[in-house]
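Trainee: I am new to this structure and would like to know what stands behind the words people use for it. Could we go through them together?

Mentor: Gladly, let us take a look.

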Amino acid sequence: MPKTVFVLNGPNLNLLGKRQPEIYGHETLADVEAQCLATAKVNGLAIRFHQSNAEFQIIDWIHEARETAAGIIINPAAFTHTSVAILDALNAFEGPVLEVHISNVHKREAFRHHSYVSLRADGVIAGFGVQGYTLALQRMADLLAATQG
Ligand code: DQA
């Protein structure tokens, strides 16, 4: 059985490709999902790919991941900078957590420089465009290969 990785996306990422393409690029979230599926397959992983604009939904998926997933890749979008609740949920998850940002948040407004999620994340990718997701999946495959079970 392949190990399952949850790939979770926060608010406004459903508009990827249409929203500020000069910052986030022209690829859609469906394109990102297709790239993640292909990368997961090559690396012997299964993925569950989700997006929500609602904080509670992301928290519920993290709780579900406790039972069914070996790792979490998360782009919490604006919740990165605001959500203690998502940090708390991730702290209740035992596997590796990787944080992805399409843009280089450190080159942007000061309020984007702080991430609650980074207090839990085992690694952070920012500014690699949507390629950050596939790089995170490759890293996740290595991290999970190094663990038992
Ligand atoms: C983002 C960066 C966040 O600051 C922003 O609120 C987003 C997307 C990124 O992928 O670059 O919505 O997480």
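Trainee: Why is T39 called buried?

Mentor: This is a predicted model, and the word rests on a cut-off: buried means under 20% relative accessible area. T39 has 12% relative accessibility, so T39 counts as buried. The residue is found in helix α2, and, leaving aside neighbours within four places in sequence, T39 is in contact with T134, L137 and Q138.

Trainee: What makes N12 partly exposed rather than buried or exposed?

Mentor: Partly exposed is the class between under 20% and over 50%. N12 has 35% relative accessibility, so N12 counts as partly exposed. You will find N12 in the loop between β1 and α1. Its phi is near 75°, a positive value in a residue other than glycine.

Trainee: And A77, is that buried or exposed?

Mentor: A77 has a relative accessible area of 12%, and buried means under 20%, so A77 is buried. A77 lies in the loop between β3 and α4. A77 is not a glycine either, although its phi is positive, about 55°.

Trainee: Let us turn to a helix. How do you know that the length of α3 agrees with what a helix should span?

Mentor: Helix α3 has 14 residues, 55-68, and at 1.5 Å a residue they should span 20 Å. The C-alpha atoms at the two ends of α3 are 20 Å apart, so the expected span and the model agree.

Trainee: Which residues of α3 are buried?

Mentor: In α3, the buried residues are I58, I59, W61, I62 and A65. Seen down the axis of α3, its buried residues fall within an arc of 160°, so they line one face of the helix. There is a general reason behind such patterns: an α-helix has 3.6 residues a turn, so residues three or four places apart point the same way.

Trainee: What covers those buried residues, and what sits on the face turned away?

Mentor: The cover includes β1, β2, β3 and α4. The face of α3 turned away from its buried side carries the exposed residues F56 and E67.

Trainee: Now the interior. Which residues touch the most other members of the largest nonpolar core?

Mentor: They are V5, L16, V32, I47, I73 and Y133, in a core of 25 residues. The elements giving two or more residues to this core are β1, α2, β2, β4 and α5, and α5 provides the largest share, six residues. As for I73, among the residues it touches are V5, F6, L98, V100 and M140. There is also a second, separate core of 17 residues, which includes I58, A69, I72 and L90.

Trainee: Let us step back to the whole chain. How many helices and strands are there?

Mentor: The protein has five helices and five strands, and from the N terminus they run β-α-α-β-α-β-α-β-β-α.

Trainee: What makes the protein as compact as a globular protein of that length?

Mentor: The globule rule gives 15 Å for 149 residues, and the radius of gyration is 14 Å, close to that value, so the protein is as compact as a globular protein of that length. Along its principal axes, the C-alpha trace spans about 40 × 30 × 25 Å. Of the 149 residues, 48% count as buried.

Technical notes:
Residues numbered from 1 in each chain as written. Predicted model: local features only at pLDDT ≥ 70, side-chain atom pairs only at ≥ 80, totals over all residues. Heavy atoms only, no water. Helix = DSSP H or I, 4+ residues; strand = E, 2+ residues; numbered from the N terminus. Expected span 1.5 Å × (residues − 1). Buried < 20%, exposed > 50% of the residue type's maximum accessible area, 1.4 Å probe, protein only. Arc of directions from axis to C-beta. Contact = heavy atoms within 4.5 Å. Rg over C-alpha atoms; globule rule 2.2 N^0.38 Å. Core = buried A, V, L, I, M, F, W, Y, C linked by side-chain atoms within 4.5 Å.
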